[in-house]
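I opened my notebook today to look for empty space inside a protein. Come along and look with me.

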Amino acid sequence: MSNASIFGSVPFYNDNSAGESAFGSVGFIAADKPGDSAFGSVFFFHLTPWYASLFGQVFFGYEPPCVIDENYEYQAVFPTLPGVSWNRTRRPIWKTITQESVSGIETTAGLMAYPLYEWELTYDVLRGADTYIEFQKMLDFFNQQKGSAIPFRFFDWHDNYADNQTCGIGNGTQTQFQMMRLLVNTVDPVFAPFPDAKIFINGVQQSADSYSINAGMITFAVPPGNEMVVSWTGHYYWLVRFREDATDFEEFAYNFYENKKITLRSKKYAVQS
């Protein structure tokens, strides 16, 4: 099948998730044949085969399916160290296509249902002495994740708890409900709840053997009845990766290090509608 999109011949990303592309949840016709792209065989990533094509066949890469269960495939947790500065930055990231006419009238199309996030952290002091090994812990963690290659869990200092958060309304047949977190007026999916998350139907806590949780997706053995409210309470992590494959540790005094910027970027996964 020749590939195209509703935006014409533009590069896109296809991970075989329904409705997911480099343009978010928008209509497109994806190439089923490996190596096809909006520019022939110039720029196309297809994650099902063990290769991806970038400028022909010169770049090869593969990202395995992201399956995260209640035991956490991604066991690693970003280390909590005392030297982190209060100069912390959190950045929501959206993607929008803007079309401007010759008269200056703009038409915009939002491409994402919910944003990506980035956290920028500064470490003023990482002690390297044997008593602390804070520098060694951070360096070791960065290497363990192979830079930006392997996702991990990150506990945000403020955005980490949902209290009686509604996930959906039952209809008597639906068995799966994605965990969510309400900010004020907008919600984000929760992919890494703590194992002690509590699940409720119409305010009644459910027994742990009546449901399972995989990547924040609640699956009930018996579907909640019509108009019954599904909700949850508990802490959660953010699933992130390092944005860069390199980071700088400066030794400003003997066995005292600083890292002026470590950037974490959130990971997206397919969410059931």
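First, my terms: on a 1 Å grid over the protein atoms alone, a cavity is a set of points where a 1.4 Å probe fits but cannot get out, and lining residues have an atom within 4 Å of a point. Grid points are joined across faces, edges and corners, and a volume is the space filled by probe spheres set on the points.

I noted that this is a predicted model, where local features need pLDDT of at least 70, side-chain atom pairs count only at pLDDT 80 or more, and totals for chains, interfaces and linings use all residues. Residues are numbered from 1 along each chain as its sequence is written, and side-chain values use heavy atoms, without hydrogens and water.

**Entry 1: the cavity.** I found one cavity of 30 Å³ or more. The volume of the largest cavity is about 140 Å³. I counted 15 residues in its lining, and Pro-189, Phe-191, Trp-238, Ser-266 and Lys-267 lie nearest the centre. Of the lining residues, ten are nonpolar (Ala, Val, Leu, Ile, Met, Phe, Trp, Tyr, Cys or Pro), one is polar and four are charged (Asp, Glu, Lys or Arg). Strand β20 (229–242) supplies at least two of them, as does β14 (187–189); strands are DSSP runs of E, at least two residues, numbered from the N terminus. The top contributor is β20, with four residues.

**Entry 2: Asp-188.** I looked up Asp-188 in strand β14. Is Asp-188 buried or exposed? Asp-188 is buried (under 20% relative accessible area, 1.4 Å probe, protein chains only), at 2%. Its side chain makes a polar contact of 3.0 Å with that of Tyr-117 (N or O atoms within 3.5 Å, one able to donate a hydrogen and the other to accept it). Beyond neighbours within four places in sequence, Asp-188 has contacts (heavy atoms within 4.5 Å) that include Met-180, Arg-181 and Trp-238.

Technical notes:
1 Å grid on protein atoms, 1.4 Å probe; cavity = no way out; pocket = protein on both sides within 12 Å on 5 of 7 lines; lining within 4 Å. Buried < 20%, exposed > 50% of the residue type's maximum accessible area, 1.4 Å probe, protein only.
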